[in-house]
Amino acid sequence: MSPGHATGGVREPSLHQLRLFLVLSEELHFGRAAARVYVTQPAFSQQIRSLEQRLGVTLVERGGRGTRLTPAGQALTEEARAVVDAMARLRQTVDRHAGTARGRLRIGSLGAEAAMPYAHAVLARLRERHPDLEIEVRNLTFVDMFGALLSGEVDAAFLRGPLPGGIQSLRLATEARVVCLSDDDPLAGRETVTLADLADRAVVDMPPEVPRSWWDHLTVNPRPDGTPARYGPVVRDTEAMVFAVTQKQAITFLPSAARHLYPRTGITYVDCPDLGLSTAELAWLPDHRDEPTVTALREAAHHILRQAQCTDPDSASHGPDYTMGKSK
């Protein structure tokens, strides 16, 4: 008997076909199922027909009443899922012993975090060590930055602390924070300002979906003297935040890297030591920590941090405004 064939001349299904069938069993719609796996509908349909031919049974009823699984299709669903899951576990075991990672790694990025030099270095190391790993970077807003991680929409994320409970992280860098003011603000010409200087100015606010404790921490609310911070317009991302300042609707506080990432006509960044430090974090869920793809990402990040500390204990060569892995 030749490889890939079963007794009686019936060909064994491929793992790829079983995966496609499972997607169809969930969507019960050929168009949506094809879009979900990024193939054309005719190609998807052909794979399902080929699977049926290999097994010698009809799995799907196609007709005017929509797509439905036949009794054979319903019975196959559970078995197909068991096979796919078993192969995934086998691949994870192989990858752990081989020291490589395959598949897809979905990494979230709050605003421009993935554009920071330390994030670039981590991703470059990851691609170098794991060329078969597909890396997808997804932009996150303030609204979905934690939810995407907690829901499993992304496997890990480049975020800014403080992080809520239930999330593990590795600190990648630390930098000072600055206040973003409109150019014509009387304080815009100063080298430094204090929170007391800013007491009568409104700060941009966050939507209700954003953990209040996170934004209160970053806006120092209440202020050291016990007075509450004043809030202005609600924004969902950093671009909207900076735009509100250009429109003279409010001020905002940002990591000092914003000077380079978000230079805009009509605004000025001024040092404000009272704001303390901003931390850049690589975050993941504890349940995903030991998955091969997340493990590969964590190892790449640790390597970059060790390399930075060995090359320059103060990490000054990585940029004028931040220090990798530790506080200044």
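User: Which helix is Asp-216 found in?

Analyst: Asp-216 is in helix H7, which covers residues 212-218. Keep in mind that this is a predicted model.

User: What does the side chain of Asp-216 make a polar contact with?

Analyst: With the side chain of Tyr-231, at 3.3 Å. Setting aside neighbours within four places in sequence, Asp-216 is in contact with Asn-221 and Tyr-231.

User: What lies over the face of Tyr-231?

Analyst: Arg-212 does, at 4.8 Å from the ring centre. There is also Arg-298, which lies over the face of Trp-284 at 5.6 Å from the ring centre.

User: And Asn-221, what kind of peptide bond joins it to Pro-222?

Analyst: A cis bond, with omega at about 0°. Pro-222 sits in the loop between H7 and strand S8 (231-234). Gly-161 and Pro-162 are also joined by a cis peptide bond, with omega at about 5°. Pro-162 belongs to the loop between strand S5 (156-160) and strand S6 (168-182). For background, most peptide bonds are trans.

User: Stepping back, how many helices and strands does the chain have?

Analyst: The protein chain has 10 helices and 12 strands. It has 328 residues, and 44% of them count as buried. Among contacts between residues at least 6 apart in sequence, 70% join residues at least 24 apart.

User: What pLDDT does the chain average?

Analyst: The average is 88, and 88% of the residues score at least 70. Residues 1-8 have a pLDDT below 50, and that stretch has 9 contacts in the model beyond near neighbours in sequence. Residues 313-320 also stay under 50, with 13 contacts beyond four places in sequence.

User: Back to rings. How many aromatic pairs are there?

Analyst: The count is 4 aromatic pairs. One of them is Phe-142 with Trp-214, a tilted pair at 6.0 Å centre to centre and 45° between the planes.

User: Where do Phe-142 and Trp-214 lie?

Analyst: Phe-142 is in the loop between strand S4 (133-140) and helix H6 (147-150), and Trp-214 is in helix H7, so the pair ties together parts that are 72 residues apart in sequence.

User: Is Phe-142 buried or exposed?

Analyst: Phe-142 is buried, because its relative accessibility is 6% and the cut-off for buried is under 20%. Trp-214 is buried too, at 4%. Both belong to one aromatic cluster with Phe-146 and Trp-215.

User: What is Trp-215 in contact with, then? Pick one from further along the chain.

Analyst: Thr-252 is in contact with Trp-215. Other contacts of Thr-252 beyond four places in sequence include Val-178, Cys-180, Val-203 and Met-241. Thr-252 is in strand S9 (residues 252-255), and at 0% relative accessibility it counts as buried.

User: How many residues apart in sequence are Thr-252 and Val-203?

Analyst: They are 49 residues apart in sequence, and 5.3 Å apart in space from C-alpha to C-alpha.

User: New topic: which residues of H1 are buried?

Analyst: Gln-17, Leu-18, Leu-20, Phe-21, Leu-22, Val-23, Leu-24 and Ser-25. H1 runs over residues 15-27, and its 13 residues should span 18 Å at 1.5 Å a residue; the end C-alpha atoms are 19 Å apart, which agrees.

User: What happens just after H1?

Analyst: Leu-28 takes a positive phi of about 50°. Most residues other than glycine have a negative phi. Leu-28 is in the loop between H1 and helix H2 (30-36), and it is partly exposed, with a relative accessible area of 37%.

User: What phi does Lys-248 have?

Analyst: Lys-248 has a positive phi of about 60°, although it is not a glycine. Lys-248 lies in the loop between helix H8 (238-246) and S9, and it counts as exposed at 55% relative accessibility.

User: Last one. Which strand does Ser-109 lie in?

Analyst: Strand S3, residues 103-110. Ser-109 is buried, with a relative accessible area of 3%. A polar atom of its side chain lies 2.9 Å from the backbone nitrogen of Ala-114. Beyond four places in sequence, the contacts of Ser-109 include Ala-114, Val-137, Asn-139 and Phe-158.

Methods: Residues numbered from 1 in each chain as written. Predicted model: local features only at pLDDT ≥ 70, side-chain atom pairs only at ≥ 80, totals over all residues. Heavy atoms only, no water. Helix = DSSP H or I, 4+ residues; strand = E, 2+ residues; numbered from the N terminus. Polar contact = N/O pair within 3.5 Å; in protein donor to acceptor, adjacent residues only side chain to side chain. Contact = heavy atoms within 4.5 Å. Expected span 1.5 Å × (residues − 1). Buried < 20%, exposed > 50% of the residue type's maximum accessible area, 1.4 Å probe, protein only. Phe/Tyr/Trp six-rings, centres within 6.5 Å; stacked < 30°, edge-to-face > 60°. Lys NZ or Arg CZ within 6 Å of the ring centre and 35° of its normal. pLDDT = per-residue confidence, 0-100.
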